[in-house]
2 protein chains.
Amino acid sequence: MDLGERKRQILNSVISEYIVSAEPVGSRHIAKNLGLGLSSATIRNEMADLEEMGYLEQPHTSAGRVPSDKGYRFYVNELMSDYELNMKEMEMLKSMMQLSVGQMDKVLKTAADFLSQFTNYTAFMTSPEMKQGAIKTVELVPIDSGSMLIILVTNEGVMRNKRVLLPIQVSPEFIHRFSDVLKEKLSGMTLEEINLLKIQEIKEAMQEHFEILFPVIDFISEIIDDVRKETDVYVSGTTNIFNYPEYSDLGKAREFLEFLDDKQSVAQALMEPKKEEEEPEENKSKNKIRITIGKENGLDVMHSSSVVTANYYVGDRVMGKVGIIGPTRMDYSKAVAKLDRISNYLNKILNEFYYEDNKE
Amino acid sequence: MDLGERKRQILNSVISEYIVSAEPVGSRHIAKNLGLGLSSATIRNEMADLEEMGYLEQPHTSAGRVPSDKGYRFYVNELMSDYELNMKEMEMLKSMMQLSVGQMDKVLKTAADFLSQFTNYTAFMTSPEMKQGAIKTVELVPIDSGSMLIILVTNEGVMRNKRVLLPIQVSPEFIHRFSDVLKEKLSGMTLEEINLLKIQEIKEAMQEHFEILFPVIDFISEIIDDVRKETDVYVSGTTNIFNYPEYSDLGKAREFLEFLDDKQSVAQALMEPKKEEEEPEENKSKNKIRITIGKENGLDVMHSSSVVTANYYVGDRVMGKVGIIGPTRMDYSKAVAKLDRISNYLNKILNEFYYEDNKE
DNA sequence: GTTAGCACTCCTTTTGGTTGAGTGCTAACA
DNA sequence: TGTTAGCACTCAACCAAAAGGAGTGCTAAC
């Protein structure tokens, strides 16, 4: 259904205005603001039409109009213009780029922290998913006579370690030998590929102290399993929601913060639009940035919030998502622009630093 | 200054009542509630005295009385009775004890999460401080031709790792050899003890590829430094504050949540009463549980909150603090009892599992 | 098709009065 | 001298009514 130029302009104007003011916008305001020499009465008629079509809503009879989810959708897909970062924002961005790179988790967390400060919304970051769960390398490190450390580096550069109490006393030298055996036998394997045959192979190679093999295998599979199903979500800048009048009701704020505190459900909310193929093409914005508006989010708590996400990569494998959560009355244009910059930069760092792992 | 039995009883009654009701308590209520056959008028006189002495306050002329910080202090030190966990609470505690032990961070985080659920206040946990910063063991693990992992286990069982890009190509075998050298030379050392002589020793032992020594030393000191000054605080159950009317004002809630979000200042707030010796003995409760009430906390934001902390140990070295933060109108008796149980249990786990590291 | 005019709606804010819990003080009582 | 009944007073909290104002829909004229 096409809208006609004038209706588009009016809709655009209403939404843009509402995004900054958070107050229902009236016909008079639009009439003045919009350059067209139209009277408020004309605008009023058009707005009534837009409401009938579902793009606008009226909180009550004698109030101005407010965009509906459908209105925002249209705005995002058709009306919104690209936002250009201003000088100050460029400066901020630069300051982020000077952050040092260390462990991957830290890079990701720092990026999320920055994102929340930069956009003034709540930012999130899902931790790398280990889809295939292949082992890059395993290492055993003796700590003392009774315990050792298992270190496991996966395909995607994720690292985990776990301390294991030894069922029997073995020498450090033995642990080193054992470590070498494991490394040789398990490197490149996925969890599925570690079967009885493989275990037999390892057993033969280690010659003695078989008793410690099973606990080790146990721990390895546990670790991989952990990492694999770990729906870890890091959320930053939760208190930013206090900047927006939509959360000025204590109940609302509470509900939302409790939701954000429950990593489990945040993860769920973010994972939801996984049915990528079913989703209409128009819901995607350029550069793989995806916007989910209001009720498009499954969870009830999210019905008056929007989510803007981007993926991050190592090589060309999707590792996880970065994004922001804010009220549906979000400045989508700015949000997209900022997230775009940051995710690009993040990809750059990750690939410079971790790409090695995924070569070959 | 002694109070006399009756005043003590009345003060106790007022505070106990206020802790559950959060409403200013009036003379009439106390007259009825307290078994003594006194009229409200008498109570009124006594309460006026208590106010004059600074134990009680009046929000406004025609309201009941509310305890002051001084009142709470007196209550905590002199009046409060030990709280006995009831059946349901015992059950909960048991369920916590079944949690599996894995990496130390996780144990600590889980304990904090549990603590917040158990007490219904906000819980915190400071990460292990590495006071001496001695190296337990160092291990280098080749990842690929261009990089390796440095793993460092400290005295207290804290583990860190960092990936290092290699300035030159070296064989995995070399890295192993190098690893053995480092382990031999550095185990048990503190950062201060790694001096030029030591470095020379290592250099001699490694024979070739000296170029990679310095980056490694660099990283080691960086890691130790990181760990040492890392004022990491983990906060759990922030949204619990919504259960208490003192935060039912949006501004208050916001202020407090923003404070909790800023790990830096939380750390500061918790570290403050470090001048242990100066502190009057009475501020300490039995079993090393420390209570800081209202304005006793340095930071402004904390002026209407109280903090209850305990230390946790490995061996008999203090590793960090666990505790809870709540309104000054906190149920101190319950809070102390619960924290006591949990910190004891935590110590048990930590010592069973990590004590090895600190033997010898 | 556009617009001026006007009655109408309904939220928001203000105002003022009422209620009730609780106090301090005084005077009488044991 | 300590305790108590009585009473005037204070002040937050609640409620209802009134005023204000932004914005609409509709009608009639341009």
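H3(B) gives the most to the surface near DNA strand D, with four residues. Helices here are DSSP runs of H or I with at least four residues, and strands are runs of E with at least two, numbered from the N terminus. "Near" means that a heavy atom of the residue lies within 4 Å of the molecule or strand.

Some bookkeeping. This is a predicted model, in which local features need pLDDT of at least 70 and side-chain atom pairs count only at pLDDT 80 or more, while totals for chains, interfaces and linings use all residues. Residues are numbered from 1 along each chain as its sequence is written, chains are lettered from A and ligands numbered from 1 in the order in which they are written, and side-chain values use heavy atoms, with hydrogens and water left out.

Back to strand D. Helix H3 of chain A and helix H3 of chain B, both spanning 40–52, each supply at least two residues of the surface near DNA strand D. In total, 21 residues surround DNA strand D, and the closest are Ser27(A), Arg6(B), Thr42(B), Thr61(B) and Ser62(B). Of the atoms of DNA strand D that come within 4 Å of the protein, 76% belong to sugar and phosphate.

By class, the surface near DNA strand D has four nonpolar, 13 polar and four charged residues. For the classes, Ala, Val, Leu, Ile, Met, Phe, Trp, Tyr, Cys and Pro count as nonpolar, Asp, Glu, Lys and Arg as charged, and the others, Gly among them, as polar.

Now the polar contacts, meaning pairs of N or O atoms within 3.5 Å; within protein, one must be able to donate a hydrogen and the other to accept it, and residues adjacent in sequence count only if both atoms are side-chain atoms. The side chain of Ser27(A) has an N or O atom 2.6 Å from a phosphate oxygen of DNA strand D. For Arg65(A), the distance to a phosphate oxygen of DNA strand D is 3.0 Å. Which part of DNA strand D does the side chain of Arg44(A) contact? It is a base oxygen, at 3.2 Å.

Next, strand C. DNA strand C is surrounded by 21 residues, the closest being Arg6(A), Thr42(A), Thr61(A), Ser62(A) and Ser27(B). Sugar and phosphate make up 79% of the atoms of DNA strand C within 4 Å of the protein. Here H3(A) gives the most to the nearby surface, with four residues.

Thr42(A) has a side-chain N or O atom 2.5 Å from a phosphate oxygen of DNA strand C, and Arg65(B) places a polar side-chain atom 2.8 Å from a phosphate oxygen of that strand. Arg44(A) appears again, with a polar side-chain atom 3.3 Å from a base oxygen of DNA strand C.
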